Amino acid sequence: MNSSCIEKIPATLIPGDGIGPEVVEATVRVLDALGSPFEWDIQPAGMAGVKALGDPLPAVTIESIRQRKLALKGPLTTPVGEGFRSSNVRLREAFELFGNVRPAKSLVPGRYEDIDLVLIRENLAGFYVANEYYIQVGNDPRAVAVSSGMNTREGSERIARFAFEYAIKNGRKKITVVHKANILKALTGLFLEAARDVAKEYEGRVEMDDMIVDACAMQLVLNPWRFDMLLCTNLFGDILSDQLAGLVGGLGMAPGSNFGNDAAIFEAVHGSAPDIAGKGVANPISLMLAAAMMLAHVNLVEEAERLRVAIDQTLNIDGVQTRDLKGQASTLEFADAVCARLRT
Ligand code: ATP
């Protein structure tokens, strides 16, 4: 399809905090070079939301996503203390974004070659329901800390079905369900049981096995090629997706996307990286790859592939890389190199 013929798709753009505005600017630049497929409504969230409107997830931002059902989001910092809940968790809850997809694919030579994995994380339940409290003993009001998690059969079956459908749509062959059902027998046992039930519907099409999370963490270091897709509870998915990012060159290389029935939000797996914010050195590839997922989601499959190929060529043919990959390019120099590739 000729990019100039694309009808613009309304979407919310959240620059976010820390390195967010830098990687967002770089990503918008490459999308512009692809013919500007999105019509952005720019809204604040995170610390930027607190600064602008006194709320890390302002009502206008929620309303913008509600109307457009589509967003590209920079990382958001949750203010420590002051009673703020994580804006990321609130966003997932507001739009019931139950399915988190985090692919990890080798783009640059590194410690591991030819990694091609997809992690599906349950995004709403588990320990992230954050029912936490302290119990006073004697004079110590915080002598005991208690945290409980929750998984439902319905929610576990929903994410398992989402994972199997993803496998079929994307030609994946095997799903490994990651759990700790030997210890957290109820919480993760139910998740495993639900996945096994759903797997029966896909017999002969997608294989399923399961692995205890600690063994999985070790296997991901020893032999990551044995996996195809991982299906994880919320907390285990959070941890293992950073490990997957490590297999393909670090957090700058890891895109993520969140799906609900009525909205989809695309983001980088990494956070706001305050240590490098404002220096112009952040690697924008995670968010660019998230933008490629967003293009595919709205059926601009050819544009998505062009963007992925341009990033690959910029890294491996032009040798343009950011500092985290031992290169010299700034965030925007990398973006401009990708734009040049897209224009050739
Ligand atoms: P937050 O509190 O928002 O999660 P954080 O600094 O604790 O932020 P991350 O932002 O996920 O956690 O990143 C951890 C470290 O990885 C950063 O301090 C930074 O050095 C590095 N890093 C993360 N993202 C990138 C990136 N896109 N490019 C280069 N380095 C990155």
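Two strands are said to pair if DSSP finds at least two bridges between them. In this predicted model, that criterion provides a way into the sheet around strand 3, which comprises residues 70-73. Strand 1, residues 9-14, runs parallel to strand 3 and is joined to it by three bridges. One residue pair locates this pairing: Ile14 has Lys73 of strand 3 as its bridge partner. Strand 3 also pairs with strand 12, residues 264-268, again in the parallel sense, and here four bridges are found. Within that pairing, Leu72 is matched with Phe266 of strand 12.

Strand 3 thus has bridges to strand 1 and to strand 12. What of its two faces? Leu70 and Leu72 point to one side, Ala71 and Lys73 to the other, and all four are buried, which leaves both faces of the strand covered.

Thr12 shows the surroundings of strand 1, the element in which it is placed. Its relative accessible area is 0%; because the limit for a buried residue is under 20%, Thr12 is classed as buried. The side chain of Thr12 comes to 3.5 Å from the backbone nitrogen of Ile65. Beyond residues up to four places away in sequence, Thr12 touches Leu70, Ala71 and Leu72, together with Trp40, Asp41, Gln43, Ser64, Ile65 and Arg68. Of these, Leu70, Ala71 and Leu72 have already been met as buried residues of strand 3.

On the side of strand 12, a comparable view is offered by Ala290, a residue of helix 9, which spans residues 285-297. Ala290 is buried, its relative accessible area being 0%. With neighbours within four places in sequence set aside, the contacts of Ala290 are Pro255, Gly256, Phe266 and Glu267. Phe266 is the residue of strand 12 that serves as bridge partner to Leu72, and Ala290 of helix 9 is in contact with it. Ala290 is also 10 Å from Arg308, C-alpha to C-alpha, with 18 residues separating the two in sequence.

The ligand is surrounded by 13 residues, of which Gly271, Ser272, Ala273, Asp275 and Asn283 come nearest. By class, this shell consists of six nonpolar, five polar and two charged residues. Which atoms of Gly271 and Asp275 approach an oxygen of the ligand? For Gly271, a polar backbone atom is 2.7 Å from a ligand oxygen; for Asp275, an N or O atom of the side chain is 2.7 Å from an oxygen atom of the ligand. Asn283 contributes through its backbone, where an N or O atom lies 2.9 Å from a nitrogen atom of the ligand. On its own the ligand has 600 Å² of accessible area, and the protein covers 64% of it.

Two loop residues deserve attention for their backbone geometry. Most residues other than glycine have a negative phi. Glu96, which is not a glycine, nevertheless has a positive phi of about 45°. Glu96 is located in the loop between helix 4 (87-94) and strand 4 (99-105), and with a relative accessible area of 43% it is partly exposed. Asp114 likewise is not a glycine and has a positive phi, here of about 55°. The loop that holds Asp114 connects strand 4 and strand 5 (116-122). Is Asp114 buried or exposed? Its relative accessibility is 66%, and because exposed means over 50%, Asp114 counts as exposed.

Note on methods. Residues are numbered from 1 along each chain as its sequence is written. This is a predicted model: local features need pLDDT of at least 70, side-chain atom pairs count only at pLDDT 80 or more; totals for chains, interfaces and linings use all residues. Side-chain values use heavy atoms; hydrogens and water are left out. A residue is near a molecule or strand if one of its heavy atoms lies within 4 Å of it. A polar contact is a pair of N or O atoms within 3.5 Å; within protein, one must be able to donate a hydrogen and the other to accept it, and residues adjacent in sequence count only if both atoms are side-chain atoms. Accessible areas come from the Shrake-Rupley method with a 1.4 Å probe; for residues, only the protein chains shown count as cover. Ala, Val, Leu, Ile, Met, Phe, Trp, Tyr, Cys and Pro count as nonpolar, Asp, Glu, Lys and Arg as charged, and the others, Gly among them, as polar. Buried means under 20% relative accessible area, exposed over 50%, partly exposed in between (1.4 Å probe, protein chains only). Helices (H or I, at least four residues) and strands (E, at least two) are DSSP runs, numbered from the N terminus. Contact means heavy atoms within 4.5 Å.
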